[in-house]
Amino acid sequence: MSEHKKTITAISWCPHNPDLFASGSTDNLVIVWNVAEQKVIAKLDHIKGTPACLGWCWNTDDAVAFVSQKGPLLIWTIAGPDSGVSAHKEAHSFVSDICIFRWNTQKKGKVVFGHMDGSISIFQPVSVRSPNKNHYTSSTSEADPPPNATQNQAVSLPPGHVVCCFLDGGVGLYDMAARKWDFLRELGHVETIFDCKFKPDDPNLLATASYDGTIKVWDINTLTALYTSPGNEGVIFALSWAPGDSDCIAGATSRNGAFIWDVQKGKMIQRFNEHGKNGIFYIAWSHKDSKRIATCSGDGFCIIRTIDGKLLHKYKHPAAVFGCDWSQNNKDMIATGCEDKNVRIFCVATSSSQPLKVFSGHTARVFHVKWSPLREGILCSGSDDGSIRIWDYTQDACINILNGHTAPVRGLMWNTEIPYLLISGSWDYTIKVWDTRDGVCLDTVYDHGADVYGLTCHPSRPFTMASCSRDSTVRLWSLIPLITPLQINILADRSWEEIIGNTDNAIKQGTPPLLCGKVSRDVKQEAEKLTCNPHVKKLRLFSECLSPPGGSDNLWNLVAVIKGQDDSLLPQNYCKGMMHSKHLVKFKTSEAQELTTIKVSKFGGGIGAPTKEKKLKEAAEIHLRLGQIQRYCELMVELGEWDKALSIAPGVSVKYWRKLMQRRADQLIQEDKDDVIPYCIAIGDVKKLVNFFVSRGQLKEALLVAQAACEGNMQPLHVSPPNGTSCSDDIYKEDFNEILHKVINELAEWYFQDGRAVLAACCHLAVDDIELAMAYLIRGNELELAVSVGTVLGESAAPATHYALQLLARKCMMTPMCFLLCYTNRNLAADLLLMTPDNEVQLVKLCAFYPGCNEEINDLHKKCNLPPVEECILLAEKAHADGNVFETIKYYLLSQEPEKALPIGIDFVKGCISSSDWSVDTVFPVLDLLSFIRTEKLLLHTCTTARNELLILCGYIGALLAIRRQYQSIVPALYEYTSQLLKRRVVSVPLKIEHLSEELNAWRACTQSANQSSEESPYTPPSDSQRTIYETLLKRLKEEPLKGIVGPDYVTGSNLPSHSDIHISCLTGLKIQGPVYFLEDGKSTVALNDALMWAKVNPFSPLGTGIRLNPF
């Protein structure tokens, strides 16, 4: 199929025939193909212009439309009496070239065009008077109606939205009826991102340098680009922030030398051209001596100069220099990486141009070098040979070689708190985390879809890392899972020696992770200043340091408000996040007043500064949403928008409205705008206004209105009924509070399903709903944060805190290969459980699962206040004789013969579910306790039958618990898991595959009918028998005891796309989006969300091996 001789520019499948498609090319040719027969059906040549886009007409089977440049739209009828090419009567002579068009699939003849200048044009048949006329509109300018079109025709565009994707990477949602953008995401980089760096004094600002010739500064909390450099620099290979609080960035380019860009002023303030036209591959601004800037180039020189351009040193290399880095411990030391495969160390304090040291060993060019921030004299280098070498300057030697990458190494980053932790990025698309003590790769991530270039973290948030890649994305990562024992030491209030250490101790083999950086020392110093409850302060300080961005600061501010902290102590950025309900109106009023009173300076507000008119409008909108109607009217008058003021003035008084009318008489300006918001507020219809905002997705606006109403700022119009009675304000206040909580719930759920559990928790803390806030943190698997916050909040958060502590204890019960870590983790788990009340059963589970020798187990028993192993067998026999099943199981599990507990517990559960009136709460405690039998005992050949029955019963009860907790995504998988075990293993349990199938079908039928949308296709209602089965299920389930835990889990990153790292879930058979959890075979995968939900209702792996699942 090669009829075209030049570039193919457009392809479109026929919507009516799956074997037909049309194609267009730069040889001015349009062809219709039959794929099945692999032949040309029709050919149209010598057309005028290259078709930029083509598409089959949806209203006919044999017509293809195509367009080039500014039109017209041509319609080619392939066969029949009307065969030939005709031009659309209206779609021609556009201002800007057309790049794409689409037919509406529902309305005949309706078509939308996208233009190269970013505008959109829509044509549609007009049914008024002349059905052949079409209406045209553009996103950039509202087109005047044609002279022969009536007013009705001119506004005939129906409500509708168009999703627009731009060549520059932007995405927008355009409201055709309102002729405005409902959503417009600013473009990101459209090419390779070579470097990224956090601003030294602000961990929320990240700068990126790209092949597209620009530097962008991003707010990592909102993921928006705040500033973009002027551009036209060729390729920008590297960047470096100025030290301290300066708002300047130095950049290295491929053709324009180096520059300093003043971010706030938006202009270049200095250029360096010492390398001539040679590309500069790296630039480093010294953070120990802010006057020095180093660059390295393809000309073989590393040049040191002052920021005003004075040349200090010019170090010549035998080949191109690709990387350089200033020592963080010695301001005069700089290292370079060269194409000649060597690493060199120079001292800028001397006049010598010769290196102090030359390190050889790499077998290909050295691209980057990085000094360790914590270990003096230690540096690393990454090479095209795929290896990373660790060098000791003091020993003049290579002390380790890290092998694992399969392509050249690019990004390198030392952690600023853990001295042996190193992260690398490579052309093999991966990021690797290394323990440089023994050269072990601790983790590898594959999410980037291309070469990984830049890696960075901020010292004040040392376990949040950013990476950039040729896939044109920046990704944020949390390194916290690598230091879980350390984080739990903090929660358990262990001694400082188990949290903070010196570098020499931390780098010893086998030592658990210890913090050694400046931030941790500052935290310790701050916490030790306090004499009253220092643990609470320590929890907050460490949480702010360890937690990734995304609302943790906001969360702690709300916790402080709830605990009664004085408002004057709140940080300045508090008002930018989710505010407590008691502050929302007050802070927004202050913001409005500030916007109203601020004056434009003599020289203006600077580049990009809002005008006075814009500030007044912003202030007016805030006053409006606060119900301060008269102030809104006055500001509208000042802006000259009289009609808006007059439309709402009756909400103040008729007298005031008349006064405004008189002032308006001599300068009436006619406008035709439909603004529903002022009317709703004027009449006090808060519910309608809130629903209006919610329907548009403006949940924060809805929240502000609802809160203002609750504070009495919006008074509904009291219309007295015939009997003369009136509704009390208390009734209205109850309604407003109900509306407020409804909006809060919607906003929290929106954040949560977007993978931002911390912000969801902030929503509920804003209205003092501590239980739901804690529940969202737990459902988002933010367990450490939940425990920290719950500990500070105290009794009101206690049930959820205790549940989070139990889950954290399970996290610690993972059995690492290292005996020392195994012992440490068991003690950590015990410490966590001892922080909870009524903890005996939880401590029994821990001790039952511990796999050590008798002496070690007895030590743990003693710590947990449990009898020695030798006594437990006697206590089990006594309880068995007394008929106490639970106590019997408990003590057998703690004894040297835990397998004896299996038949007793399983027989009890089988007996329960054989009856007709059993409930989940009767059998689950027994199964849950049994599931903590030591794994090596459960896997014994003699326990095969008991093991299979335990797995089946846990699977079935897990399915019921999943229904109770509304874990819809795993309910079918749990039923299928139980059915497969029943089918393949010889067991004797009172469950039948047919019965499980009936239950699953009944659940599906009844829950689908409850959630069925009226817009969806018709469904089959559940039968009477299915309703009966489902009602029986609900009776067995009862209610979940912990408020808010009901509902699916969503961890951070749940909605992030996958690139090269694609996995299929063994539960659903679908591609996994977001974090992946590997099962015990090292191959099978499930979504982390599903793994968390599964483990909370069924402790055993979906593979049916008897291995416990621990995704926490």
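Trainee: In this predicted model, which residue in β23 stands opposite phenylalanine 259?
Mentor: Strand β22 covers residues 258–262, and five bridges join β22 to β23. The two strands run antiparallel. Phenylalanine 259 faces a residue of β23, namely arginine 271.

Trainee: Which are the edge strands of the sheet that holds β22 and β23?
Mentor: The sheet is open, has four strands with antiparallel pairing, and follows the order β20-β21-β22-β23. An edge strand here pairs on one side only. The strands that do so are β20 (236–241) and β23 (267–272).

Trainee: What does the twist average from one strand to the next?
Mentor: The order to follow is β20-β21-β22-β23. From one strand to the next along it, the twist averages 25 degrees.

Trainee: Which residue stands opposite glycine 425 in β38?
Mentor: Strand β37 (residues 421–426) is joined to β38 (residues 431–435) by five bridges, and the two run antiparallel. They form a hairpin with four residues between them, and tyrosine 429 in the turn has a positive phi of about 75 degrees. Opposite glycine 425 stands isoleucine 431.

Trainee: How many residues does the hairpin from β36 to β37 pass through?
Mentor: β36 (residues 409–414) runs antiparallel to β37, and four bridges join them. Valine 409 stands opposite serine 426. The hairpin joins β36 to β37 through six residues.

Trainee: Are the residues that point either way from β37 buried or exposed?
Mentor: Leu421, Ile423 and Gly425 point one way, and Leu422, Ser424 and Ser426 point the other. Burial here requires under 20% relative accessible area. On both sides of β37, these residues are buried.

Trainee: At what angle do helix α21 and helix α24 pack?
Mentor: Two packed helices are described by the angle and the distance between their axes. α21 (residues 840–849) passes α24 (residues 885–894) in a left-handed crossing. Their axes are 8 Å apart, and the angle is about 35 degrees.

Trainee: How many charged residues are in the contact of α21 with α24?
Mentor: Glu840, Val841, Val844, Cys847 and Ala848 in α21 meet Phe886, Lys890, Leu893 and Leu894 in α24. By class, seven of the residues in this contact are nonpolar and none is polar. The charged residues number two.

Trainee: Where, around residues 126–158, does the pLDDT fall below 50, and how many contacts does that stretch have beyond near neighbours in sequence?
Mentor: The protein chain averages a pLDDT of 83, and 88% of the residues score at least 70. Over residues 126–158 the pLDDT is below 50. Where pLDDT is low, the predicted coordinates should not be read in detail. Beyond near neighbours in sequence, the contacts of residues 126–158 in the model number 61.

Notes:
Residues numbered from 1 in each chain as written. Predicted model: local features only at pLDDT ≥ 70, side-chain atom pairs only at ≥ 80, totals over all residues. Heavy atoms only, no water. Pairing = 2+ DSSP bridges. Axes fitted to C-alpha atoms, helices over the stretch in contact; angles between N-to-C directions. pLDDT = per-residue confidence, 0-100. Contact = heavy atoms within 4.5 Å. Left-handed = near helix turned anticlockwise from the far one by under 90°. Nonpolar A, V, L, I, M, F, W, Y, C, P; charged D, E, K, R; others polar. Buried < 20%, exposed > 50% of the residue type's maximum accessible area, 1.4 Å probe, protein only.
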